[in-house]
Amino acid sequence: MKSLIDIIDLTPQEIDQMIETACDIIDNPKKYSEKCKGKKLATLFFEPSTRTRLSFEAAMYELGGNVIGFSEANSSSAAKGESVADTAKTISCYADIIAMRHPKEGAPFVASKNASIPVINAGDGGHNHPTQTLADLLTIYREKGGFNNLTIGFCGDLKFGRTVHSLINAMARYSGIKVVLISPEELKVPSYVKKNVLKANDIPYIQTTNLEEVMPQLDVLYMTRVQRERFFNEEDYLRLKDSYILDLPKLANAKEDLCIMHPLPRVNEISVAVDDDPRACYFKQVLNGKYMRMALILKLLEEAEK
Ligand code: NCD
């Protein structure tokens with residue numbers, strides 16, 4: 001049973017095919033409006049979400065399917081102490097595919113080992129978020145025309161930001177990629193990401209605390225929120241939360257075709273004045289996420305039927 005737990009569960013060729021499907025959905029939405037008729041997606045969200053859950057739900061409805069699920073851990077049997085494994089076995093009796101978000105790293109993986117239907121990781125703790133990466137990849141593809149020879153800057157909370165870890169993993173498979181890691185000392189990318197992904201794939205990278213200094217090199221700038229819910233104390237969060245605020249003066253030396261991304265929710269990291277700049281792509285990313293989730297649901301359901 002094919003599930004999506006980590007972005008590298010998909011080959012670059014599979015990602016290309018999904019991008020092709022997503023672009024076809026954009027051009028011919030009617031063609032897909034009944035593809036999942038009679039199918040059910042279960043959204044099991046043990047952690048808050050606006051975009052990811054609603055994007056999955058909208059994706060399934062636009063494919064003609066139905067959705068069941070919950071959006072808070074305390075409204076599920078997890079509150080009574082049920083294990084993720086048992087929840088996964090139970091939901092397999094009701095639905096055709098699961099999208100699961102969980103505060104514990106590895107929970108969707110455990111679910112995938114126990115479910116008899118495909119499981120999609122919709123974010124596990126500070127670890128991975130592969131479907132956000134699919135949204136990011138479609139955005140980069142549509143803005144830049146491809147994935148090779150790009151310098152991509154990641155800025156903000158690179159330690160706890162799971163979207164960053166997944167996107168670095170995905171980009172490390174293309175050629176001519178350079179990575180610029182911009183964060184406060186305390187929020188640097190975990191060493192396992194540097195060792196297992198960047199160094200292992202010979203990706204040149206630099207680490208800096210200064211966004212303006214590196215701005216002119218960047219083709220893509222991926223801003224992130226400081227992940228308050230993963231901090232051990234509020235004092236550190238308050239000290240670090242406004243480390244980087246992207247505003248128009250900071251973009252003075254940026255490339256004219258820079259692609260500014262953010263997985264959202266934004267707290268303070270990008271001034272609203274930037275929203276009207278043609279380089280701002282973060283709301284396009286939201287829409288792209290729905291199309292890639294449609295392509296993913298189609299792919300996994302098709303494979304499950306084989
Ligand atoms: C991200 C997440 O949940 O990791 N949000 C999202 O799914 N678009 C980023 C975040 O919460 O900061």
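1. Let's start with one helix. Helix H2 (residues 51–62) has Thr52, Arg53, Ser55, Phe56, Glu57, Ala59 and Met60 as its buried residues, where buried means under 20% relative accessible area, exposed over 50% and partly exposed in between, with a 1.4 Å probe and protein chains only. These buried residues pack against S1, S2, S3, S4, H5 and helix H10 (282–305); contact here means heavy atoms within 4.5 Å. Helices (H or I, at least four residues) and strands (E, at least two) are DSSP runs, numbered from the N terminus.

2. A word on what you are looking at. This is a predicted model, in which local features need pLDDT of at least 70 and side-chain atom pairs count only at pLDDT 80 or more, while totals for chains, interfaces and linings use all residues. Residues are numbered from 1 along each chain as its sequence is written, and side-chain values use heavy atoms, with hydrogens and water left out.

3. How far does H2 reach from its first C-alpha to its last? The helix has 12 residues and reaches 16 Å, close to the 16 Å expected at 1.5 Å a residue; the expected span is 1.5 Å times one less than the number of residues. Just after H2, glycine 64 takes a positive phi of about 85 degrees.

4. Now for the sheet that has H2 packed against its strands. It is an open sheet of 4 strands, in the order S2-S1-S3-S4, and the pairing is parallel; two strands pair if DSSP finds at least two bridges between them. At the edges are strand S2 (66–70) and strand S4 (119–124), each pairing on one side only. From one strand to the next, the twist averages 15 degrees, with axes taken as lines fitted to C-alpha atoms (for helices over the stretch in contact) and angles running from 0 to 180 degrees between N-to-C directions.

5. You can follow the pairing residue by residue. Strand S1 (residues 40–45) joins S2 over 5 bridges in the parallel sense, and lysine 40 stands opposite asparagine 66 in S2. Between S3 and S4, which run parallel, there are 4 bridges; histidine 102 faces aspartate 124 of S4 across this pair.

6. Is strand S4 largely enclosed or left open? With 6 of its 6 residues buried, S4 is largely enclosed by the rest of the structure. Helix H4 (residues 107–114) lies across strand S3 (97–102) and S4, at about 165 degrees to S4.

7. Serine 3 is worth finding, in the segment before helix H1 (12–27). This serine is buried, with a relative accessible area of 12%. Its side chain reaches the backbone nitrogen of valine 119 at 2.9 Å. Apart from neighbours within four places in sequence, serine 3 is in contact with Asp9, Ser112, Pro118 and Val119.

8. There is a second open sheet, with 5 strands in the order S7-S6-S5-S8-S9 and parallel pairing. Its edges are strand S7 (205–208) and strand S9 (259–261); each has a single partner strand, so one side of each is left without a neighbour in the sheet. The twist averages 15 degrees from one strand to the next.

9. Look next at S5 (residues 151–155). Strand S8 (residues 220–223) runs parallel to S5 and is joined to it by 4 bridges, with cysteine 155 opposite methionine 223. Another 5 bridges join S5 to S6, again parallel, and here glycine 153 stands opposite valine 180. Because 4 of its 5 residues are buried, S6 is largely enclosed by the rest of the structure.

10. Two helices lie across this sheet. Helix H7 (residues 191–199) crosses strand S6 (178–182) and S7, at about 155 degrees to S7, while helix H5 (residues 130–144) lies across S5, S8 and S9, at about 165 degrees to S9. H5 is mostly covered, with 11 of its 15 residues buried. Just after H5, glycine 145 takes a positive phi of about 80 degrees.

11. Finally, which residues surround the ligand? They are Thr52, Arg101, His129, Gln132, Arg162, Thr163, Arg225, Gln227, Pro263, Leu264 and Pro265, each with a heavy atom within 4 Å of it. Polar contacts (pairs of N or O atoms within 3.5 Å; within protein, one must be able to donate a hydrogen and the other to accept it, and residues adjacent in sequence count only if both atoms are side-chain atoms) add detail. A polar side-chain atom of histidine 129 is 2.7 Å from a ligand oxygen atom, and one of arginine 162 lies 2.8 Å from an oxygen atom of the ligand. For glutamine 227, a side-chain N or O atom is 2.8 Å from an oxygen atom of the ligand.
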